[in-house]
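User: I am new to this structure and would like a close look at one part of it. Please take me to the nonpolar core and the strands around it.

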Amino acid sequence: QGQLVESGGGLVQPGGSLRLSCAASGFDFPNYLMSWFRQPPGKERELVAIITTFGITNYASSVKGRFTISRDNAKNTVHLQMNSLKPEDAAVYYCNAKTRTDVVVQRVYWGQGTQVTVSS
């Protein structure tokens with residue numbers, strides 16, 4: 001079964017940086033869309049960034065220009081570089097993997113989440 005394990009969360013001051021990592025196993029990683037979601041306390045889970053199998057990226061407006069998603073298909077990993085962090089970025093961040101739409105059997109995998117706290 002597919003597994004995703006996040007790491008890199010922690011406490012950072014406003015304006016600081018963090019780099020989240022997600023290690024994938026048990027599935028054909030290069031053929032999956034990879035995304036980062038986040039869920040602030042008391043709010044809905046929201047899409048933060050996505051990277052396609054071809055390396056095309058897209059970001060939520062709130063993080064555009066500050067966050068960068070990347071993937072290394074040789075290492076089955078995806079990263080989220082977060083710069084200029086703001087208090088409103090505080091949330092549990094989740095890694096997500098999803099099959100391409102042309103695959104007959106669709107699959108979705110979620111990581112356990114990693115806490116990001118932004119506070120002075």
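Analyst: A residue counts as buried when its relative accessible area is under 20%. By that cut-off, 43% of the 120 residues of the protein chain are buried. The model is a predicted one.

Start with the whole chain. The protein chain has 11 strands and zero helices. Along the sequence, strand simply follows strand, in the pattern β-β-β-β-β-β-β-β-β-β-β. The C-alpha atoms fill a box of roughly 45 × 25 × 25 Å along the principal axes. The radius of gyration is 14 Å, which agrees with the value near 14 Å for a compact globule because that value is set by the chain's 120 residues. Many contacts link distant parts of the sequence. Among contacts with a separation of 6 or more, 55% join residues 24 or more positions apart. The protein chain exposes about 6400 Å², and carbon and sulfur atoms supply 51% of that area.

Now the core. In soluble globular proteins, nonpolar side chains tend to be buried together. Here the largest nonpolar core has 29 residues. The residues with the most contacts inside this core are L4, M34, W36, L80, M82 and Y93. Several strands feed the core. β3, β4 (32-39), β5 (46-51), β7, β8 (77-82), β9 (91-99) and β11 (114-118) each supply at least two of its residues.

L80 gives a good view of how these pieces meet. Leave aside its neighbours within four places in sequence. L80 then contacts L18, R19 and L20, and also W36, V48 and A49. The list goes on with F67, T68, I69 and Y93. Two of these partners, W36 and Y93, are again among the residues with the most contacts inside the core.

Next, the sheet that holds some of these strands. Four strands form an open sheet in the order β1-β3-β8-β7, and their pairing is antiparallel. β1 (3-7) and β7 (67-72) are the edge strands, so each pairs on one side only, where pairing means at least two bridges between two strands. From one strand to the next, the twist averages 15 degrees. At the β1 edge, five bridges join β1 to β3 (residues 18-25) in the antiparallel sense. L4 has A24 of β3 as its bridge partner. L4 is also one of the residues with the most contacts inside the core.

Turn to β4 and β5. These two strands pair antiparallel over five bridges. F37 has L47 of β5 as its bridge partner. The two strands form a hairpin with six residues between them. In its turn, G42 has a positive phi of about 75 degrees.

β5 then pairs onward. Three bridges join β5 to β6 (residues 57-59), again running antiparallel. I50 stands opposite N58 in β6. This hairpin has five residues between its strands, and G55 takes a positive phi near 90 degrees.

One last stop is the loop between β5 and β6, where T53 is found. T53 counts as buried because its relative accessible area is 17%, and the cut-off is under 20%. Beyond its neighbours within four places in sequence, T53 contacts P30, N31, Y32 and L33. R71 and R100 are also in contact with T53.

Methods: Residues are numbered from 1 along each chain as its sequence is written. This is a predicted model: local features need pLDDT of at least 70, side-chain atom pairs count only at pLDDT 80 or more; totals for chains, interfaces and linings use all residues. Side-chain values use heavy atoms; hydrogens and water are left out. Axes are lines fitted to C-alpha atoms, for helices over the stretch in contact, and angles run from 0 to 180 degrees between N-to-C directions. The radius of gyration is taken over C-alpha atoms; the globule rule is 2.2 Å times the number of residues to the power 0.38. Buried means under 20% relative accessible area, exposed over 50%, partly exposed in between (1.4 Å probe, protein chains only). Contact means heavy atoms within 4.5 Å. Accessible areas come from the Shrake-Rupley method with a 1.4 Å probe; for residues, only the protein chains shown count as cover. A nonpolar core is a set of buried Ala, Val, Leu, Ile, Met, Phe, Trp, Tyr and Cys residues joined through side-chain atoms within 4.5 Å.
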